[in-house]
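Colleague: Could you take me closely through how the helices pack in this model, and then through the loops that join them? I would like one connected account.

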Amino acid sequence: MIQKQFQGVQHFSVLLSLLRDRQAFLEEIRQEVRLQNKISSLLVSSSIFFAIYGTIIGASHSLAQAISGGIKLPAFYLLTLIICFPTLFFFNVLFGSRSSFIQHFVVLLTAVSVISVLLFSFAPVTLFFLITAPDSYQFFKLLNVLIFWITGSFGVKFLYEGMQLLSQQDEVGKKTRTTILRSWLFLYAFVGMQLGWFLRPFFGAPDSKFELFRAVQGNFYLDIVSALSEIFGAR
């Protein structure tokens, strides 16, 4: 029991070291220091934070949706990472990167972990609006879209800086890899939005029964326009 508690504390201490001194943390990745330990700790801690936030947004509908959201949100971020990761790694290797497969993966995982912490930091705000405006489904949905956009932007910024640091040792093809990284970030965003739409619902529409997955129809952008129209009385 004590050993499990110690391991839990250790997982979060790795994440805290990333938050407190990300430059030193990224330098350790570049020097391949305890990469396996970093992967396991970041996976565990980020999954917990995602699960907590997913549970909160799912609670706007029902207990079943809260449990579903607590499972699907960590899965969403991990699957997006797994789908997009090979493209970035192999293109980087093709254009001169000597960083290993595991180094690339840890850098991407640090960005996902930063997103999870930032989402967790918004949890009290989300919970506040969930309690004080329980009937404002469209507002609650748009609020969370904004929160996901803000946290995702910081995660992308962190990823960009991390990949740039990782590329410092490989001057050959560095400009090309920077261009590839910028293009890949757009790919990551589009895959993420499509996957999120495929895995929905995370919230659950009011007056509807619980659904683990919803039929694939429409798209993310039309849904946001519809929500805005309802809020501002255009429909």
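Modeller: Happy to; here is the packing of α5, α6 and α7, followed by some of the loops.

First, a word on the basis: this is a predicted model, in which local features need pLDDT of at least 70, side-chain atom pairs count only at pLDDT 80 or more, and totals for chains, interfaces and linings use all residues. Residues are numbered from 1 along each chain as its sequence is written, and side-chain values use heavy atoms, with hydrogens and water left out.

The chain has eight helices and zero strands, where helices (H or I, at least four residues) and strands (E, at least two) are DSSP runs, numbered from the N terminus. Of its 235 residues, 42% count as buried; buried means under 20% relative accessible area, exposed over 50%, and partly exposed in between (1.4 Å probe, protein chains only). Taking contact as heavy atoms within 4.5 Å, 75% of the contacts between residues at least 6 apart in sequence join residues at least 24 apart.

Now to the helices. Two packed helices are described by the angle between their axes and the distance between the axes. Axes here are lines fitted to C-alpha atoms, for helices over the stretch in contact, and angles run from 0 to 180 degrees between N-to-C directions. The axes of α5 and α6 come within 8 Å and cross at roughly 155°, which makes α5 roughly antiparallel to α6; angles under 35 degrees count as roughly parallel, over 145 as roughly antiparallel, 65 to 115 as roughly perpendicular and the rest as oblique. This crossing is right-handed, a term for a near helix turned clockwise from the far one by less than a right angle (left-handed if anticlockwise).

Moving along, the axes of α6 (residues 137-166) and α7 (residues 174-199) come within 11 Å and cross at roughly 160°, so α6 is roughly antiparallel to α7. The contact is made by V156, L159, Y160, M163 and Q164 of α6 together with T178, L181, R182, W184 and L185 of α7. α6 passes α7 in a right-handed crossing.

Two residues of α5 deserve a look. V117 lies in this helix and is buried, with a relative accessible area of 16%. Setting aside residues up to four places away in sequence, V117 touches L15, L19 and F49. The C-alpha atoms of V117 and L15 are separated by 9.0 Å, although these residues sit 102 residues apart along the chain. F129 is also in α5, but counts as partly exposed at 24% relative accessibility. Beyond its neighbours within four places in sequence, F129 is in contact with P134, F139 and L143.

Finally, the loops. S97 is found between α4 (63-94) and α5 (101-132), and is buried at 10% relative accessible area. The S97 side chain reaches the backbone nitrogen of S99 at 3.3 Å. Between α2 (22-30) and α3 (35-58) lies E32, with a positive phi near 60° in a residue other than glycine. R34 lies in the loop between α2 and α3 too; its phi is also positive, near 50°, and R34 is exposed, with a relative accessible area of 52%. In the loop between α7 and α8 (220-231) you will find P201, and the peptide bond from R200 to P201 is cis, with omega near 10°.

Note on methods. Polar contact = N/O pair within 3.5 Å; in protein donor to acceptor, adjacent residues only side chain to side chain.
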